[in-house]
Each structure stands twice: as C-alpha cells, then as structure tokens.
Amino acid sequence: MPEDEPTPIEATTQRAWQQGDFKAVATAVFDAYGAELYSFLAARFHGNTSHADEAFSDFSEDFWKALPKFEWRCSMRAWCYKLARSAASRLRRAPGNRRDRRVPLSSVPWLDDVVQQTRTTTQPHLRTDVKDEFQKLRDKLGPEDQDLLILRVDRDLSWRDVAHAMLAMDADDEHVRKTEALLRQRFVEVKKRLKRFAIEAGLL
C-alpha cells in the first residue's frame, strides 16, 4: 500500500473523528493498535509489566485528553507511538512520582475496560515470548535506536510516520522532513552495528 494511502483502520477512525464520535475512534484504535503499543512499552521497560501497565495507563489518558485536538498531520498509529514514547519517557525520568491526572481512567469507565482488556490479552504473550539471539543483539542498542527499529522494521511505519513518532508534539513540517532524512541515515548505521554485533556473536 502506498505510504500516502490510509489503511482501512485509519480511514475508519478519521471518519469517526470527523463526526465527533471519539468513543468510536478510541475503541477502534485500541482494538487495532492496543496490543502492539503495550508490547512496545513492555520492550521499553525490558519486559517489566508493572512499568508497562503504568506507562500504558498514562498513554491512554493522554490519548483520550488530546484526541479532539488531533490534527491528522500524521497517521493515528504514528501519533499513538509518539504519545506512548512520551509516557514512557516521563515514567523513566520520575518512576516514583506519578503526575496529577486531568482525565483519570476511572472517570471514563468504558475506556478503563478497554485498557484492562488490552493488558490481560497481551501480558500472557509477553511472559511466554522467549527472546532469540538477534533480539539480544538489539538490546545492546540505545533506546532511541531500538525504537527506530521497532517502528520501521517491526511495525512497518512509513518514514514520515516514524519521524512524527520520534519527534516532539509541536514539530513543524520542515522539521519532520529533515528528521525523516536523518533517520534514514541513522537506520543504515544501526543496521551496520547490528551486523557487526552478529558477526562478533558468531551468528553471521
């Protein structure tokens, strides 16, 4: 599918968003992307599901609060990864200090149910997933490079969406274009490093 052509789920969520049906948008997004977003956060915290739970809750609240103001400058999926990365970074900076929540999940019961369902269906998979040798090589990379590989290789996001996901919320189009070019170059270097790690480990 061409990078500028929306996927069916993106088209569906955009129609619902334009109609102001944010509950339908959130339900569709969590159904389509919830498990992969939770898995992404679990990878960020090296399989620590307690931290992944906390970050996923924060992401969910951020998503619901900001959804009416989403500008569709990138795909909904890329925006979710941007929010998830932000939630994980906040938790890493201050693991013992929870921020005050403006929209606690308890005030949105149906969303709380969706979040809980995502956790319960994803966690068993994480607990039984045995890392292969190449995953161990990835773990030698820094968090930013690991995110780059997940977004581009594992999640198959377009380069523009990867740039949006890796940037701050207020990045303008020119910044996105420059970041996209830089990430392409960085991706080449990351692959070279992984190949070197694999050779050193006797895997190639």
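In this predicted model, helix H1 (residues 8-18) and helix H2 (residues 22-44) pack against each other at an angle of about 160 degrees, and their axes lie 8 Å apart. Because angles over 145 degrees count as roughly antiparallel, H1 and H2 are described as roughly antiparallel to each other. The crossing in which H1 passes H2 is left-handed.

These two helices belong to a chain that has nine helices and zero strands, so that, read from the N terminus, its elements run α-α-α-α-α-α-α-α-α. The chain has 204 residues, of which 44% count as buried.

**Salt bridges**

The structure holds 15 salt bridges, and three of them are set out in the table with the distance between their nitrogen and oxygen atoms.

| Salt bridge | N to O distance |
|---|---|
| Arg138 and Asp154 | 2.7 Å |
| Arg193 and Asp145 | 3.2 Å |
| Asp173 and Arg160 | 3.7 Å |

In the salt bridge between Arg138 and Asp154, Arg138 lies in helix H6 (residues 133-138) and Asp154 in helix H7 (residues 143-154), so the pair ties together parts that are 16 residues apart in sequence. Arg138 counts as buried because its relative accessibility is 16%, while Asp154, at 39% relative accessibility, counts as partly exposed.

Helix H7 also takes part in the salt bridge of Arg193 and Asp145, since Asp145 lies in H7 and Arg193 in helix H9, and this pair ties together parts that are 48 residues apart in sequence. Here Asp145 counts as buried, with a relative accessibility of 10%, whereas Arg193 counts as partly exposed at 29%.

Helix H9 holds Asp173 as well, and the partner of Asp173, Arg160, lies in helix H8 (residues 159-166), so that this salt bridge ties together parts that are 13 residues apart in sequence. Both residues are partly exposed, Asp173 at 37% relative accessibility and Arg160 at 27%. Elsewhere, Arg44, Arg85, Glu144 and Asp147 are joined into one network by salt bridges that share partners.

**A nonpolar patch**

Which residues form a nonpolar patch on the surface? The patch is formed by Phe134, Ile199, Leu203 and Leu204, which together have about 390 Å² of accessible area. One of these residues, Leu203, is found in the segment after helix H9 (173-200), and it counts as partly exposed because its relative accessibility is 31%.

Notes: Residues numbered from 1 in each chain as written. Predicted model: local features only at pLDDT ≥ 70, side-chain atom pairs only at ≥ 80, totals over all residues. Heavy atoms only, no water. Patch = residues over 30% accessible without salt bridge, like charges linked within 9 Å, V, L, I, M, F, W, Y side chains within 5 Å. Areas by Shrake-Rupley, 256 points an atom, 1.4 Å probe, with all protein chains shown as cover. Salt bridge = Lys/Arg side-chain N within 4 Å of Asp/Glu carboxyl O. Helix = DSSP H or I, 4+ residues; strand = E, 2+ residues; numbered from the N terminus. Buried < 20%, exposed > 50% of the residue type's maximum accessible area, 1.4 Å probe, protein only. Axes fitted to C-alpha atoms, helices over the stretch in contact; angles between N-to-C directions. Parallel < 35°, antiparallel > 145°, perpendicular 65-115°, else oblique. Left-handed = near helix turned anticlockwise from the far one by under 90°.
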